[in-house]
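Thanks for asking me to look this one over. My notes follow as numbered points, with the ligand site taken before the empty spaces.

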Amino acid sequence: MSSNKNKTSLVWFRNDLRIQDNTSLSKAILESNTVIAIYCFDKRQFKTDKFGFKKTERYRAKFLIETVQDLKTQLQKLNIPLYVYFDNTELCIAKLEKCFNFDALYLQKEWTNEENNILDKVKNIWHKNFPIYELYNQFLYHPEDVNFELDKFPKIFTEFRKNVEKHSKIRTIKSIYNTNFNKDLIENNKTKIPTLKELGFANFTTHPNSAFPFKGGETEALKRLNNYFFETKKLGFYKKTRNGLIGTNFSSKFSPWLANGSLSAKTIYWKVKEFETLYFKNQSTYWLIFELIWRDYFKYVSMQHQSKIFKIGGILEKKYNWHTNSEEVNKWINGKTNQPFVNANMIELQKTGWMSNRGRQNVASYFTKTLQLDWRIGAAYFESLLLDYDVHSNYGNWMYVAGVGNDPRDRKFNVKLQADRYDTNGNYQRLWLQNTLF
Ligand SMILES: Cc1cc2nc3c(=O)[nH]c(=O)nc-3n(C[C@H](O)[C@H](O)[C@H](O)COP(=O)(O)OP(=O)(O)OC[C@H]3O[C@@H](n4cnc5c(N)ncnc54)[C@H](O)[C@@H]3O)c2cc1C
């Protein structure tokens with residue numbers, strides 16, 4: 001254990017907005033005698049993208065504000081001030097650097113375009129003699145623990161899953177350190193978390209039918225985990241209910257917290273193990289881990305293929321004749337297609353920022369395979385609206401459904417049959433299409 005005192009470190013929070021199981025934070029605490037934290041609502045994340053959508057819509061903006069509020073409170077308990085800004089990240093870090101003369105910078109390692117570009121800008125302003133520690137902490141299976149080289153990464157999900165399950169172990173979670181940092185640091189921090197209005201949105205209340213009525217932040221994430229696993233034991237039925245469409249409990253709903261890192265995949269894994277020891281182990285308890293392996297898989301896909309995941313041909317570099325008819329796109333967005341099941345899902349997304357996995361597969365298949373619209377437009381719309389937008393899972397799943405990703409079967413969903421099977425009585429469609437005939 002190193003104890004390098006007289007060292008002031010900066011922890012730059014990105015998509016790792018939590019205290020527990022946070023490698024950058026715990027390493028900084030261990031190696032420093034003063035730790036300052038920063039989170040920046042980067043202005044570029046609130047601009048309009050090339051398809052005309054706001055990169056971040058109001059649902060995720062509100063969730064992020066709640067998340068950062070909770071993070072600030074949790075950090076204060078460790079006497080670590082969280083400086084929060086609404087500006088370009090590199091400018092904020094430059095501003096803080098002038099006040100504190102940091103000796104080291106700690107952050108979660110990311111590899112996608114926008115994150116890399118921002119880090120490059122930060123590196124340009126960061127004084128050169130001091131180290132920058134970039135640490136992976138978003139995986140279930142850490143990249144150092146897998147037994148393949150990235151260029152030999154198994155292309156098919158099942159191969160990947162079998163490989164990691166056989167050869168790799170999931171790391172345990174280290175406890176949080178007690179700190180005896182100077183309390184004055186908290187008092188001196190005068191920065192404020194931006195309001196929804198300051199981020200450019202009007203206040204709103206959560207839709208009464210939302211399947212995701214939860215708040216952002218690590219505290220809420222752990223509360224949800226405790227409720228889904230231990231209070232209601234819904235985990236034990238997950239495999240049977242996971243294709244549901246209505247309500248809070250058909251699936252775990254962990255994704256928005258996982259996406260911004262207020263909950264870690266490893267935390268979920270070790271809680272599943274605890275549940276299995278305390279109660280029972282069945283296909284459902286395993287299946288939640290199975291789904292988390294999908295999450296890892298798309299991270300490895302994007303790591304291997306880098307910016308190809310944003311290109312029209314995807315990682316397969318396939319050439320299709322994609323359309324861009326804006327009238328068709330708008331009908332899809334506003335729930336005005338000739339498929340009521342697609343419409344219900346799109347309206348749910350528009351009104352809540354949430355859509356089930358079953359819904360996502362159907363609306364994306366309809367967009368790409370039936371309407372043959374450029375899949376990147378659909379993906380960009382999801383990026384804007386989704387509470388749980390995650391670059392790897394979103395672009396990975398969209399490529400997969402569009403037939404430019406990893407699906408060896410290149411399927412097309414029969415939306416009508418899917419609706420009959422998963423919404424047999426039409427309750428879900430009625431919920432979102434109350435005033436529309438279907
Ligand atoms: C077109 C499309 C776009 C998607 N975009 C996103 C996105 O931006 N962010 C996102 O987190 N998920 C995305 N998904 C995956 C999936 O729909 C959501 O993770 C899931 O619906 C979240 O609900 P849950 O947390 O209740 O999931 P559960 O069923 O409870 O699963 C537990 C966790 O496993 C992971 N998981 C489950 N299914 C998948 C999957 N297919 N791919 C990757 N991880 C998965 C998620 O982290 C999820 O929270 C997308 C799927 C499709 C088809």
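1. Asn 394 offers a side-chain N or O atom at 3.2 Å from a nitrogen atom of the ligand. Please keep in mind, here and below, that this is a predicted model.

2. Two aspartates add backbone contacts to the picture. A polar backbone atom of Asp 388 is 2.8 Å from a nitrogen atom of the ligand. At Asp 390, a backbone N or O atom lies 3.1 Å from an oxygen atom of the ligand. For both residues, then, the atom listed belongs to the backbone, whereas Asn 394 uses its side chain.

3. How much of the ligand does the protein bury? On its own the ligand exposes 820 Å², and 96% of that is buried by the protein. The space that the ligand takes up is the largest pocket.

4. Which elements give two or more residues to the shell around the ligand? They are helix H9 (255-260), helix H11 (283-305), helix H14 (357-370) and helix H16 (391-402). H11 provides the largest share, with 5 residues.

5. The shell can also be read residue by residue. There are 26 residues around the ligand, and those that come nearest are Tyr 238, Ser 251, Ser 252, Lys 253 and Asn 357. Sorted by class, the shell has 12 nonpolar, 8 polar and 6 charged residues. If you set up this site for your own calculations, that mix is a handy reference.

6. Now to the enclosed spaces. Rolling a probe the size of a water molecule over the atoms shows where empty space is left. In this structure there are 2 cavities of 30 Å³ or more.

7. The largest cavity holds about 40 Å³ of space. Its lining is made up of Asn 15, Arg 18, Gln 108, Asn 137, Gln 138, Leu 258, Gly 261, Leu 263, Ser 264, Ala 265 and Arg 295. By class, that lining divides into 3 nonpolar, 6 polar and 2 charged residues.

8. The second largest cavity has about 30 Å³ of space. Around it are Arg 18, Gln 20, Glu 218, Leu 222, Ser 262, Leu 263, Ser 264 and Thr 267. This lining contains 2 nonpolar, 4 polar and 2 charged residues.

9. Which residues line both the largest and the second largest cavity? Arg 18, Leu 263 and Ser 264 appear in both linings.

Definitions and conventions:
Residues are numbered from 1 along each chain as its sequence is written. This is a predicted model: local features need pLDDT of at least 70, side-chain atom pairs count only at pLDDT 80 or more; totals for chains, interfaces and linings use all residues. Side-chain values use heavy atoms; hydrogens and water are left out. A residue is near a molecule or strand if one of its heavy atoms lies within 4 Å of it. A polar contact is a pair of N or O atoms within 3.5 Å; within protein, one must be able to donate a hydrogen and the other to accept it, and residues adjacent in sequence count only if both atoms are side-chain atoms. Accessible areas come from the Shrake-Rupley method with a 1.4 Å probe; for residues, only the protein chains shown count as cover. On a 1 Å grid over the protein atoms alone, a cavity is a set of points where a 1.4 Å probe fits but cannot get out, and a pocket is an open set with protein on both sides within 12 Å along at least five of seven lines; lining residues have an atom within 4 Å of a point. A molecule sits in a cavity or pocket if more than half of its atoms lie within 2 Å of its grid points. Helices (H or I, at least four residues) and strands (E, at least two) are DSSP runs, numbered from the N terminus. Ala, Val, Leu, Ile, Met, Phe, Trp, Tyr, Cys and Pro count as nonpolar, Asp, Glu, Lys and Arg as charged, and the others, Gly among them, as polar. Grid points are joined across faces, edges and corners, and a volume is the space filled by probe spheres set on the points.
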